[in-house]
Amino acid sequence: MKIVIIGAGKIGITLTSCLAAENNDVTIIDTDPKTVENTVNEYDVNGVVGNGVNITVQKDAGVNKADVLIATTYSDEINMLCCLIGKKLGVKRTIARIRNPEYTKQFILLLDMMGLDLAVNPEQEAASEMSRLLRYPTAIGMDTFAKGKVDLAEMKVAEGSALDGIKVSEIQRKLNVRLLVCAVQHGEEVYIPNGNSVIQAGDKIHFTASHDQLATFFSKIGAFTKKLKSVLIIGGGRIAYYLARRLLDTGMHIKIVEKDETRCVELSELLPKAEIICGDGTDQALLNEISFADFDSCVAATGIDEENIMISMYAKQCGIEKIITKISKDSMLGMLDSIGIDTIISPKQTTANLILSYCRAMKNSEGSSVQTLYKLVGGKVEALDFRVSETSAVIGKPLFELKLKRNILISCIIRNNTIILPGGSDVILPGDSVIITTTNQHLSDLDDILD
């Protein structure tokens, strides 16, 4: 596909990297010549220097012949205008990053008026992921498939856990719980397990289950903790606003620490039920004054990664039960596990996943296309939700008869709101949603799993 990306910021570069790796014809537009030059050289894509709202610039980038235009500049208004111009020039699909809460409330109207096919709010998506994690404190990662019917959870196996030393095939029988282990990270090794794979302490496992079975599983392994009642959010940006709004609806006590006095006043007006503290969230004296260690959870969501890491380390030292760390720089992700920071949220990666799944669905809109996509274990594993078309080659055959490519697992089948954890005798039918976990990247159609 021919894809034009306007804005070479964090999300724009992440998308350029991913989409170029999937053999798409990518062109990046940015006003900074050096940024364009570096992006072109590093990712072997096309580049145009200029303002994305300029019709001539868009024509030079080939927007009129493109399949997708993605606008990810710093400005919501510029992004929407770029998409509107792109539609007038003839691009097939437009995607805009829109962050302002006022615009977010009007997504449906904006999609129609501005000719947008998809609007993505990184901070809102990050807040949604954080709220899911706070629902299951034991999980260090949490995503949902099939319109929220199936959970994809990640957890780290502790020493002495009921999972330590158990075969994957024995989990359902021994724990009397219905779930399927989809991927395992053992040290630096990442693999798709089979029934004989043995889980060990220290492993990070990803598994699918329904909401009720997930709660049962955590209870059976002795990891089910009390419901979180109080959450401290450090950093009063958009993520804090979206997250607090969600959590307040559940009855949680929310306190936000923000150093900017004007922003504190805004948050007080927007979130009258939350407690807003004006101060520096890295100031130990302030944290002690507000009884930091008494909170059930701490969310480090400032705009500076280093501050978030420092806050999370102190929260861990204080014994806070659930800690969530917002990180923007990919270069920092590798070192966090070694210092015990497990639950990490990257807004740009969450946004990239949404846009990538949309682009892959476009590639095969007539077949069994991708509905949802998540990259796991630093992008080494993908979990994809496919809607099964009537022409798919996998229909009607028992799963044991399908010749699958290596390192592919059929993790779940959803049929008429019924969740099926598949065995060898199960079959896939038209209209099903099928979740695939794989280390083979870039699947865009369900039939791609066949060897």
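User: What makes up the count of helices and strands in the chain?

Analyst: The chain has 15 helices and 22 strands, where helices (H or I, at least four residues) and strands (E, at least two) are DSSP runs numbered from the N terminus. This is a predicted model, in which local features need pLDDT of at least 70, side-chain atom pairs count only at pLDDT 80 or more, and totals for chains, interfaces and linings use all residues. Residues are numbered from 1 along each chain as its sequence is written, and side-chain values use heavy atoms, with hydrogens and water left out.

User: Why does the radius of gyration of the chain agree with that of a compact globule?

Analyst: The rule, with the radius taken over C-alpha atoms, is 2.2 Å times the number of residues to the power 0.38; for 451 residues this gives a value near 22 Å, and the chain has 23 Å, which agrees.

User: Which strands are called the edge strands of the open sheet, and why?

Analyst: The sheet has 5 strands in the order β18-β19-β22-β20-β21, with antiparallel pairing. Two strands pair if DSSP finds at least two bridges between them, and β18 (370-376) and β21 (418-420) are the edge strands because each pairs on one side only.

User: How do you know that β20 and β22 pair?

Analyst: Strand β20 (residues 408-415) and strand β22 (residues 433-438) run antiparallel and are joined by 6 bridges, which satisfies the requirement of at least two. Within this pairing, Leu 409 stands opposite Thr 437 in β22.

User: What share of the chain is called buried?

Analyst: Buried residues, those under 20% relative accessible area with a 1.4 Å probe and protein chains only, make up 56% of the 451 residues.

Terms used:
Buried means under 20% relative accessible area, exposed over 50%, partly exposed in between (1.4 Å probe, protein chains only).
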